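Please take a moment with the sequence and the structure shown here before reading on. The paragraphs that follow go through the structure step by step.

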Amino acid sequence: MAETMDVLVTNIGQLLTMASSGPKAGKEMQTLEVIEGAVLGIKDGKVAFTGTADEAAGLTASETIDCGGKLVTPGLVDPHTHAVFGGSREHEMALKQQGVPYLDILKQGGGILSTVEATRAASEEELVRKSSFYLDRMLSLGTTTAEVKSGYGLDVNTELKQLYVTKKLQDKHPVDLVSTFLGAHAIPKSHKDNSDVFLEEMSGMLQQVKDEKLAEFVDIFTETGVFTVEQSEKYLRKAKEYGFGLKIHADEIDPLGGTEMAAGLGAVSADHLVGSTDEGIRKMAESRTVAVLLPGTTFYLGKHTYARARKMIEEGVIVSLATDFNPGSSPTENLQLIMTIAALQLKMSPEEIWNAVTVNAAHAIGRTEQAGQLKEGRNADIVIWDAANYKYIPYHYGVNHVNTVLKNGKVVYQRGKISD
Ligand SMILES: N=CN[C@@H](CCC(=O)O)C(=O)O
Ligand SMILES: [Zn+2]
């Protein structure tokens with residue numbers, strides 16, 4: 001074969017292509033494509049070749065990146081973050097230590113509501129700067145595509161401000177962002193006793209959000225003291241009529257039945273799912289709603305009961321993992337850390353974990369055809385790891401294993417020389 005590439009990534013010890021015809025459900029998550037001694041070719045920012053060194057004989061390129069036997073994978077996909085917010089909440093750590101529950105902090109006007117105050121007070125420019133910093137950190141940790149939710153405005157103007165910030169970041173930051181409108185994230189103090197009126201206000205924004213292409217998904221926090229299953233269903237049905245994909249913060253703390261509702265509505269994903277029932281899990285498998293599990297949140301809330309990933313996989317659910325990066329229940333941009341918690345607490349195998357943070361995560365945010373796989377025609381979003389094999393990443397924990405990140409075929413992050 002005599003073909004010219006823009007870039008040849010050579011001497012790859014192990015290439016995890018994650019090539020798949022679509023998302024992987026249940027036991028399919030145990031499979032992944034590995035090429036030992038591989039070469040990857042990039043042309044026009046897309047993957048143009050993957051194969052063994054022998055198969056690559058004859059390929060040429062103006063630029064070569066010699067991986068020195070390292071592991072190469074697709075860029076990670078983080079399908080659940082709240083990466084645009086004002087302020088921070090380190091003062092809540094002491095409350096947590098005293099055993100004050102997360103929902104009690106919220107009830108007292110803290111938690112999400114304190115971030116709402118800080119976000120309302122911040123200018124658009126400040127938020128862009130702050131979120132760029134977080135996105136830079138995500139990129140350095142191997143994340144090349146992420147979902148971002150609004151939801152710290154809880155009024156029309158601030159929700160729009162958050163969505164405009166995400167739009168600006170979509171234009172200027174290398175991490176590809178998928179926007180979700182989460183106006184229904186909490187009940188603002190102004191509507192404390194009238195959450196229905198508040199939901200009407202947020203429903204009233206859907207047309208503008210659609211017209212200005214400010215979000216692809218609509219999400220709601222269905223939880224005790226926040227929105228009931230009935231309110232959530234009514235709100236989401238409306239969002240569906242406008243053509244939004246649906247997402248739900250479901251059964252995070254109390255098992256209210258959000259899982260069943262998500263499946264019944266054909267939501268693209270239901271997220272958290274710590275309290276999902278057997279029936280809810282079976283329905284998720286049937287509806288092919290992605291279960292986006294957020295074990296970093298369970299860990300950080302100091303809880304000991306995690307989402308039942310094994311049961312979900314046994315029942316044939318499409319399982320994914322995310323950081324849930326936010327200033328309260330999960331202040332981390334580090335998907336590698338989540339991979340370790342998933343191994344230890346959700347008892348997921350390395351193969352299941354890699355599917356969960358690539359192919360399945362991309363599917364959870366409508367990017368099945370663009371992200372999460374290294375095969376011909378896909379974005380050349382690539383991570384070169386300081387590791388020889390994929391099992392090493394969830395195993396050696398609490399550090400950043402990323403050596404180099406390429407986005408659309410260009411190096412956007414490099415820790416040092418690849419041979420260091
Ligand atoms: N639970 C609701 N929303 C976020 C937390 C937001 C916050 O505490 O600021 C979550 O997914 O965990
Ligand atoms: Zn969340």
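A good place to begin is the pairing of strand 10 with strand 11 (residues 269-272), for the two run parallel and are joined by four bridges. Within this pairing, Ile248 has Ala270 of strand 11 as its bridge partner. What connects the two strands is also part of the picture, since strand 10, helix 9 (residues 258-265) and strand 11 together make a right-handed β-α-β unit. It should be said at this early point that the whole model is a predicted one.

Strand 10 has another neighbour, strand 9 (residues 217-222), which runs parallel to strand 10 and is joined to it by six bridges. Here Phe221 finds its bridge partner in His249 of strand 10. Between these two strands the chain passes through helix 8 (residues 229-241), and this β-α-β crossover is right-handed.

How many of the residues of strand 10 are buried? The strand, which spans residues 245-250, is mostly covered, with six of its six residues buried. Gly245, Lys247 and His249 point one way from the strand, while Leu246, Ile248 and Ala250 point the other way, and all are buried. For His249 the relative accessibility is 2%, which is under the 20% limit, and therefore this residue counts as buried.

His249 also leads to the metal site. Which residues coordinate the zinc ion (ligand 2)? They are His80, His82 and His249, each through NE2, together with Asp324 through OD, at 2.0 to 2.6 Å. Along the chain these donors follow the spacing H-x1-H-x166-H-x74-D. Because His80 lies in the loop between strand 6 (76-78) and helix 1 (92-97), whereas His249 lies in strand 10, the pair ties together parts that are 169 residues apart in sequence. His80 has a relative accessibility of 0%, so it too counts as buried.

From the metal site the reader may turn to the empty spaces in the model. A search of the whole structure finds one cavity of 30 Å³ or more, and the volume of the largest cavity is about 80 Å³. It is lined by 14 residues, and those closest to its centre are His82, Tyr102, His185, Asn326 and Ser329. One of these, His82, is also among the residues that coordinate the zinc ion (ligand 2). Sorted by class, the lining of this cavity has four nonpolar, seven polar and three charged residues.

The pockets come next. The largest pocket has a volume of about 280 Å³, and among the 14 residues that line it, Leu106, Lys107, Leu113, Ile187 and Gly225 lie nearest its centre. Which element gives the most to the lining of this largest pocket? It is helix 2 (residues 102-107), which contributes four residues. The lining of the largest pocket divides into seven nonpolar, three polar and four charged residues.

The second largest pocket has a volume of about 210 Å³ and is lined by 17 residues, of which Ser88, Arg89, Glu90, Pro327 and Pro331 lie nearest its centre. Two elements, helix 1 and helix 4 (124-140), give two or more residues to this lining, and helix 1 gives the most, with three residues. By class, the lining of the second largest pocket holds seven nonpolar, four polar and six charged residues.

Another part of the fold is built from antiparallel strands. Strand 1 (residues 4-16) and strand 2 (residues 34-43) run antiparallel and are joined by seven bridges, with Val7 standing opposite Ile42 of strand 2. Strand 2 is in turn joined to strand 3 (residues 46-52) by six bridges, and these two strands also run antiparallel. In this second pairing, Leu40 has Thr50 of strand 3 as its bridge partner. Strand 2 and strand 3 form a hairpin with two residues between them, and in the turn Asp44 has a positive phi of about 50 degrees.

The last stop is Pro350, which lies in helix 14 (residues 350-356). Is Pro350 buried or partly exposed? Its relative accessibility is 23%, and so it counts as partly exposed. Between the C-alpha atoms of Pro350 and Ser88, which are 262 residues apart along the chain, the separation is 33 Å.

Conventions: Residues numbered from 1 in each chain as written. Chains lettered and ligands numbered in written order. Predicted model: local features only at pLDDT ≥ 70, side-chain atom pairs only at ≥ 80, totals over all residues. Heavy atoms only, no water. Pairing = 2+ DSSP bridges. Buried < 20%, exposed > 50% of the residue type's maximum accessible area, 1.4 Å probe, protein only. Right-handed = clockwise from strand over helix to strand, strands pointing away. Donors = N, O, S within 2.8 Å, 3.2 Å for Na, K, Ca; no water. 1 Å grid on protein atoms, 1.4 Å probe; cavity = no way out; pocket = protein on both sides within 12 Å on 5 of 7 lines; lining within 4 Å. Points joined across faces, edges and corners; volume = space filled by probe spheres on them. Nonpolar A, V, L, I, M, F, W, Y, C, P; charged D, E, K, R; others polar.
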